[in-house]
Amino acid sequence: MYNIIKEIEELREKLVYHSKLYYENDSPEISDYEYDMMFRRLVELENEYPQFKTDTSPTVRVGGAALEKFEKVTHPVKMGSLQDVFSFEELSDFISKIDDNDEYCVEYKIDGLSVGLTYENGKLILGATRGDGIVGENVTENIKTIRSIPLEIPYKEHLIVRGEVYMPRSSFENLNIQREASGQALFANPRNAAAGSLRQLDSRITAKRNLDIFIFNVQESDLTFKNHDESLDFLRSQGFKTVQDRKTVCGINNIIAAVTEFGENRKVLPFDIDGAVIKMNSLSRRIEIGENTSTPKWAVAYKFPPEQKETKLIDIQVNVGRTGVLTPLAILEPVFIAGTTVSKATLHNLDFIRERDINIGDFVTVQKAGDIIPEIVSVNIKKRETVKEFHFPEFCPSCGEPIYKEEGEAAYRCTNLACPAQALRNIEHFASRDAMNIDGMGPAVVEALYNAGLVKNVSDLYYLNASDIENIDRMGETSAKNLIDAVNASKSRGLDNLLYALGIRQIGKKAARTLANRFNDIDMYYNLTLEQLCSVDDIGSISAENIINYFSHIKTKEIIERLKNAGVVTTYETEALRSNRFEGMTFVLTGTLPTMTRNEASDIIIANGGKVSGSVSKKTSYVLAGEEAGSKLTKAQNLGITVINEEEFLEMVK
């Protein structure tokens, strides 16, 4: 039973993490298909073991949360999600539970970003993203830049409609051509490009992205409709763009035929679809059938299976990521899959390769998971002839330094601070808010400085000149001066911030402060022993070894000497307590706070004599909880620990 509980908890943690990346950051790390499979497994486990199901499980939520940079909007009508099915057998089972004789609408499942549009007196007054289905983001000004959305309609009463914002394939291709020409990172797919474009703070940028929308539902209105078809006809009459290729059919065979036709035609559509939506047409029947906790019982989404092709694996190359992780990449004989030619596929790590018995020279089955990310599904052992087993190189292919693999991890890493492949990510982290807090030194600026040859490692930041920076695209004299001022201001952040900014593995903000308080000069770190480091609270043997390894590298010493010569403070002075009001108290922080980071809140707690812990126990005094609070909040409630929000916390320190 322990293994079941552990699997459920791990699935929830992964789903929340990947859901946040997908809905809030528009930068998924896995394909939709992988996410769907994890979600399905969690549903199966919770159905089999209902005693372990919780109200905060991803299976009872839509996913996503409003970003702080936009005003939050509470939807009058919940913007829910649909249950997914992945085979015609599952689709048949779903329909059989309702009524095969009913009339159903079969529509494209547009791969975009769901929004709600509110009209009063015939005028568009609000455009909001779905968010978590209850609270979304006010993106009205950006919504107004989408030309197919009418700003005014004939109907003058209250009306809320729902639609899917998307980026046409032609617009996506042109955008990536422009970004590549300007040295910017490319968008992975049209869905991510659409989401990122709609959530721009500057609506002028959104206007240039050529977004479009299909309206597919009346959310709230004083009008009554007999069926879904009738409501869509009304929307069309008001000037809304709706999908015209929908099918209204009866019987599972006709439903499957419609879905099959959509699947066969999707490659020639000017926009991306990732499935088909099957909805009960009669609105009165929908009410009779009812809803599940988070999905309707009268509708379902059929997700297209990935197209698969066989090809030959010619070679395996190794790429170095920005965090130093070495990733094997399959070089394939080109094969046409899901609309594009595929010649490469990620192999993740050595465990992945060994588990699937993948060798150079094998014939492999390839698919584009979610129609986006090429991946190897299996090996055709029957066609195996002369093959070569893959082994990781002993030295980093980017910088030539030795690589290592930590016990218990699947990843091989390069630990060279000056490794070109890692430089950008290291500089971004160094300049980030919780590290050296260099205002204006975001990823785009870092990349521009790096591409211009002005910075190659973190120490170069302190040798920049305004005259060099102002020649970079979009900078100018004022921006360059402000950036230099921010760099100079960061010199006095202190050893604790510097230790965290250097990006030593497993040394977070709290551990960096603890270390700086114990060993208050950076020169001490070159000679620290494992025993000395392990004697520090919150520093275990693995973290200690990471510190020793980091400071043993000759490149580390070179960079730190340059930092010192530039005037960066590399010592730590213990600050006097603001007060002792939190003396003897232990706080646990969870979720996203409205106006401050958790590190900032931790600084306040420590400065007032309190302690910050990473886990909830009976010894916990308070749990400071923000949005998206997880299992820590649940545990606190079960133990009867006092839970406070940011406003209550700030009242405590007045």
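Visitor: So a crossing is left-handed if the near helix is turned anticlockwise from the far one by less than a right angle, and right-handed if clockwise. Which kind does α12 make as it passes α13?

Guide: A right-handed one. Helices here (H or I, at least four residues) and strands (E, at least two) are DSSP runs, numbered from the N terminus. Keep in mind that this is a predicted model, where local features need pLDDT of at least 70 and side-chain atom pairs count only at pLDDT 80 or more, while totals for chains, interfaces and linings use all residues. Residues are numbered from 1 along each chain as its sequence is written, and side-chain values use heavy atoms, with hydrogens and water left out.

Visitor: Cool. At what angle do the axes of α12 and α13 cross?

Guide: The axes of α12 (residues 420-431) and α13 (residues 443-451) cross at roughly 140° and come within 9 Å. Axes are lines fitted to C-alpha atoms, for helices over the stretch in contact, and angles run from 0 to 180 degrees between N-to-C directions. The two helices are therefore oblique to each other: under 35 degrees counts as roughly parallel, over 145 as roughly antiparallel, 65 to 115 as roughly perpendicular and the rest as oblique.

Visitor: Which residues of α12 and α13 make the contact?

Guide: Pro420, Ala423, Leu424, Ile427 and Glu428 of α12, with Pro443, Val446, Glu447 and Tyr450 of α13. Contact means heavy atoms within 4.5 Å. These residues divide into 7 nonpolar, no polar and 2 charged. Nonpolar covers Ala, Val, Leu, Ile, Met, Phe, Trp, Tyr, Cys and Pro; charged covers Asp, Glu, Lys and Arg; the others, Gly among them, are polar.

Visitor: What about α3 and α9, how far apart are their axes?

Guide: The axes of α3 (residues 88-96) and α9 (residues 252-265) are 10 Å apart, and the helices pack at about 140°. Phe88, Leu91, Ser92 and Ile95 in α3 meet Ile252, Ile255, Ile256, Val259 and Thr260 in α9. That contact divides into 7 nonpolar, 2 polar and no charged.

Visitor: New topic! How many disulfides does a search of the whole structure find?

Guide: It finds 0, a disulfide being a pair of cysteine sulfur atoms within 2.5 Å.

Visitor: Why is there no bond for cysteine 399?

Guide: Because the closest cysteine sulfur, in cysteine 414, is 3.6 Å away, too far for a bond.

Visitor: And is cysteine 419 buried or exposed?

Guide: Buried, with a relative accessible area of 0%. Cysteine 399 is partly exposed at 25%. Buried means under 20% relative accessible area, exposed over 50%, partly exposed in between (1.4 Å probe, protein chains only).
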